[in-house]
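Grab a pencil and work through these short exercises with the structure on your screen. Try each task before you read its solution.

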Amino acid sequence: MTSNLDGWAALAKCRGTKDSLFVEGAEQRKARTLCRGCPVRLECLAEALDNRIEWGVWGGLTERERRQLLKTRTEVTSWRQALAAS
């Protein structure tokens with residue numbers, strides 16, 4: 001892990017939950033509730049999108065949702081910048 005990841009990850013609501021955010025199916029809905037109101041939700045989502053992480057719930061989105069976003073927004077070269085601008 002990079003020091004940048006360690007920085008925002010230390011502030012995440014899910015820190016210390018181990019693998020509870022890397023579930024499948026209906027269990028993902030439960031995992032996503034933890035993301036609501038997280039102070040680093042966008043940083044987390046950007047990390048997953050920029051690095052094409054294909055598992056788990058990141059920034060409140062499932063793998064399927066992130067794949068769809070990547071597929072529909074192919075022009076985005078930096079999700080960190082795109083999400084910061086929104």
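**Exercise 1.** Work out how many helices and strands the protein has.

*Solution.* Keep in mind that this is a predicted model. Step through the chain and you'll count five helices and zero strands. Written out in sequence order, that gives the pattern α-α-α-α-α.

**Exercise 2.** Find what share of the residues is buried, and what share of the surface belongs to carbon and sulfur atoms.

*Solution.* Start with the residues: the protein has 86, and 35% of them count as buried. Now turn to the outside: the accessible surface is about 5,800 Å², with 52% of that belonging to carbon and sulfur atoms.

**Exercise 3.** Search the whole structure for aromatic pairs and describe what you find.

*Solution.* The search turns up one pair. Its partners are Trp 55 and Trp 58, with 5.9 Å from centre to centre. Next, check the angle: the planes are 65° apart, and over 60 counts as edge-to-face, so that's the label here. Finally, look at exposure: Trp 55 is partly exposed at 48% relative accessibility, while Trp 58 is buried at 12%.

**Exercise 4.** Explain why the structure holds zero disulfides, using Cys 35 and Cys 44.

*Solution.* A disulfide is a covalent bond between the sulfur atoms of two cysteines. The cut-off to use is within 2.5 Å. For Cys 35, the closest cysteine sulfur is in Cys 44, 6.2 Å away, so that's too far for a bond. For Cys 44, the closest one is in Cys 14, at 6.0 Å, which is also too far. Cys 35 is buried, with a relative accessible area of 10%, and Cys 44 is buried with 10% too.

Notes. Residues are numbered from 1 along each chain as its sequence is written. This is a predicted model: local features need pLDDT of at least 70, side-chain atom pairs count only at pLDDT 80 or more; totals for chains, interfaces and linings use all residues. Side-chain values use heavy atoms; hydrogens and water are left out. Helices (H or I, at least four residues) and strands (E, at least two) are DSSP runs, numbered from the N terminus. Buried means under 20% relative accessible area, exposed over 50%, partly exposed in between (1.4 Å probe, protein chains only). Accessible areas come from the Shrake-Rupley method with a 1.4 Å probe; for residues, only the protein chains shown count as cover. Rings of Phe, Tyr and Trp (its six-membered ring) pair if their centres lie within 6.5 Å; planes under 30 degrees apart count as stacked, over 60 as edge-to-face and the rest as tilted.
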